[in-house]
Amino acid sequence: MLKFHGQTILGAIFDMDGTMFDTERLRFQTLKQASKELIGEEFSDDYLMSCLGLSAKRAQELAEQIYGENVNYANIRKRADEFEIAHVRHHGVPMKAGLVEVLERLRRSGLRMAVATSSKRVIAEEYLINANVYKYFDVVVCGDDVEKGKPDPEIFLLAASRFNLEPKYCLMFEDSDNGLKSAHHAGGHTVLFQDLKMQEMADYFYKEMPLFLDDLNKHLDPQKMPQPMERFPVAHNQHIVGIHGFGAIGGGYLAQIFSHWDGYTRPAKILATTSNALYKESIQAFGKYCIRYHQDAYDEIIDGIEIIDGNDEDAVIEMYQESKIVALCLPEQAIESVSLVIAKALLKRFESNAEPLTLMMILNKVGAKQFVLEHLQVALEKITSQDVAQKIVQCNYFADTVVNRMVSKFTDKALYRQLRIKYHLFQQYQSDRVDDDPVDIEDTTSLNSDQAKFMTITIADLKENFQPSHVLQSMDLILFHSESDMPLYAEKGSPILEHLRQVITVDDIRQIQTVKNRLWNGVHSIIAWYGVLLGHDTIGVAMGDQRVLALAEQLVDQEVGLGLSHQYPNIAEILPQLKESFLKSCKFAYKDPCTRVGRDPIRKLQLNDRVFGSIQMNVEHGLSNEGLVYGATLALLYAQHEKANEDSEAQQIKQALEQMTTLDGVTLSKILDHDRSELSITSTQYLEVMQYIAQHLQAAQNDLSAFLGDWQQCMQGIVEG
């Protein structure tokens, strides 16, 4: 049952042509083609418009009045049916936008559903089956089932009676004058989808079905956040969506968000870009991949995704043109290089009058939208006028976001091992072959030349031999490890984001960004630096060390968490869940390397950001910051560790510290003590260290010296406070 605008609704009866399917134009074309062939004259648009919704008998009578008594409408219609079916079988049925979403919602509301069409059954069933919507309907009543066609109410009355409902409990969907009269006189609640002169007979009028969908959503119970292991919707809508950057977050999180979509349907296709040929070829070979939720011992299958080459500018532009929404999941440093490609795509959309695009910023950066728009504005003005560039920015939706989930990707070596094992299983399935190939136990993350060659041959063989129902169908290719936090926070503005089941839209995304940036990103980095220094490889293992755990809990509960509750009292109620979720994620992050999380320490120690943003916040509110200062110091020591040798920012700090081994008699290495109670560096001493580093980098004319110099101001505030 559905309560729609206060009315009890138990059934829904749909006209077909023009209401569910955009076939009236095709019908006009085929009737003109058939009439030209059989009587030497094309039916006029006026005649065909007059026939909309009429029975075959009434259309015949009207044809005789206009084209003479000898016109054989039945033969013309039969020939037109042949043309129409041939076209549909070759090109598919053109469905109205929003149709599947509406059918899914009505069906899940428990409504009985019918089709009431003037078309012949052979045509109606061809369309319904071809469009894969026959499954939604309990009853199909066609023109050949009734004596009197529309505008007589017989067809709607018959449809309602066949599932034993009174018309007053049914929504009746129409798009024509004759159909609307038929539904109105049948006594149903009429829903009209076109601006016709009979509009006064419509109980509800919408210019297009998506507008009815928006109204319908207001009368349905809101979809709850999906749970881990919950299936994706089976039905596909007509949307194409894009992921620009198939990395950990793009492939391991956004693909899942798009697959859940609105909880009723899922996109027709997900496009994703990557420069990793191994990912591209592997997914093409298997037709799917998996995300592993190790806390739940569950592998989630992602299918319906097409991987395109991120270096293929034309393919990326095409993705932006086809998609309704694109998630930009690239590193901050990559934005400048891709902004011109995005600008070209948006210009093409603008020139073709395409509908607005929603672009989600998934950059793990406070102020990501402004950062992207600045680069995009520059790129647009290189290829078009300033006025057009401004219009392009204004006519699309750009949304800042906050990701509340930790995801890591498998290394190439781990993927290689998976494929190698599965390939041997595949070969054994084919020929029961005995595998005498030596087991590869080398513990590295990259491939050597022989392994890379083996991968190329393996993937080519898998792609060539893959068939539906093949043994490969039961083989899962795991690409990402993921935690199970479901929500994605996004700023309000884009209509489509309001419908995505896993997206929570907020008025001020900056508050959520700051919470994530300081509570998660800052503490996460400190855990990683501490973990490396204590000899731990992953975040999960590091959190098993009581020293790391104690520091993490102190930061989350007593320092960062407390500071955020003072800074943003209006979101204090969500902080406990965020804190608990973060600590739980860290404790189970056994696949998340400390060196990956701790990389780029200079960027993570920027003023107003992550660690230093929390220090400044707590100074302002008169709160403790001892653990935060200690955590910032760990970044300096991490820079001296051998595991940071490939980290360019760590090397810059290391060069500065090589000339400083002591400070007021305090050896810096003593800071890392097994007992944190013996912490032996003060805020004043730390300030002197940071000043030294800033001076060193300024002397080297390093581009990062500007904000490094600002550390002095920040730390001076701590000392004075």
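Helices here are DSSP runs of H or I with at least four residues, numbered from the N terminus. Helix α11 is one such element, and Ser282 lies in it. The model is predicted.

## Ser282 and helix α11

Helix α11 covers residues 277–286. It lies across strands β10 and β13. Its direction makes about 145° with that of β13. Within this helix, Ser282 has a relative accessible area of 1%. Buried means under 20%, so Ser282 counts as buried. Leaving out residues up to four places away in sequence, Ser282 touches Leu415, Leu419, Ile459 and Leu477.

## The eight-stranded sheet

The strands under α11 belong to an open sheet of eight. The order is β13-β10-β9-β14-β15-β16-β19-β20, and the pairing is mixed. Strands β13 (305–309) and β20 (503–506) form the edges, each pairing on one side only. Direction ignored, neighbouring strands of this sheet are turned by 25° against each other on average.

Strand β10 spans residues 269–274. Five of its six residues are buried, so β10 is largely enclosed by the rest of the structure. Its partner β9 (residues 240–244) runs parallel to it, and five bridges link the two. In this pair, Gly242 stands opposite Leu271 of β10.

Further along the sheet, β16 (residues 397–403) and β19 (residues 488–491) run antiparallel. Three bridges join them. Val402 stands opposite Tyr489 in β19.

Helix α18 lies across β16, β19 and β20. It runs at about 30° to β16.

## Helix α21 and its cover

Helix α18 (509–533) also helps to cover the buried residues of α21. The cover includes α19 (539–543) and α20 (546–567) as well.

Helix α21 itself takes in residues 575–587, 13 in number. From first C-alpha to last, α21 reaches 18 Å. That is close to the 18 Å expected at 1.5 Å a residue. Its buried residues are Leu575, Leu578, Lys579, Ser581, Phe582, Leu583, Ser585 and Cys586.

## The six-stranded sheet

A second open sheet holds six strands. They follow the order β5-β4-β3-β6-β7-β8, with parallel pairing. The edge strands are β5 (139–141) and β8 (204–205), and each pairs on one side only.

Helix α7 (residues 154–162) packs on this sheet. It touches β3 (11–14), β4 (112–116), β5 and β6 (170–174). Its direction makes about 160° with that of β5.

At the other edge, β7 (residues 189–192) and β8 pair in the parallel sense over two bridges. Leu192 stands opposite Phe205 in β8.

The loop between β5 and α7 contains Pro151. A cis peptide bond joins Lys150 to Pro151, with omega about 20°.

## Two loop residues with positive phi

Ala297 and Asn353 each have a positive phi, although neither is a glycine. Ala297 sits between β11 (288–293) and β12 (298–303). Asn353 sits between α13 (335–351) and β15 (358–361). Exposed means over 50% relative accessible area, so Ala297 at 73% qualifies. Asn353, at 69%, also counts as exposed.

| Residue | Loop | Phi | Relative accessible area |
|---|---|---|---|
| Ala297 | between β11 and β12 | about 50° | 73% |
| Asn353 | between α13 and β15 | near 55° | 69% |

## The second largest pocket

The second largest pocket holds about 820 Å³ of space. Its lining counts 34 residues. Closest to the centre are Ala97, Pro210, His239, Lys324 and Glu355.

Three helices, α5 (99–108), α9 (209–217) and α12 (313–322), each supply at least two residues of the lining. Helix α9 gives the most, with five residues.

Note on methods. Residues numbered from 1 in each chain as written. Predicted model: local features only at pLDDT ≥ 70, side-chain atom pairs only at ≥ 80, totals over all residues. Heavy atoms only, no water. Expected span 1.5 Å × (residues − 1). Buried < 20%, exposed > 50% of the residue type's maximum accessible area, 1.4 Å probe, protein only. Contact = heavy atoms within 4.5 Å. Pairing = 2+ DSSP bridges. Axes fitted to C-alpha atoms, helices over the stretch in contact; angles between N-to-C directions. 1 Å grid on protein atoms, 1.4 Å probe; cavity = no way out; pocket = protein on both sides within 12 Å on 5 of 7 lines; lining within 4 Å. Points joined across faces, edges and corners; volume = space filled by probe spheres on them.
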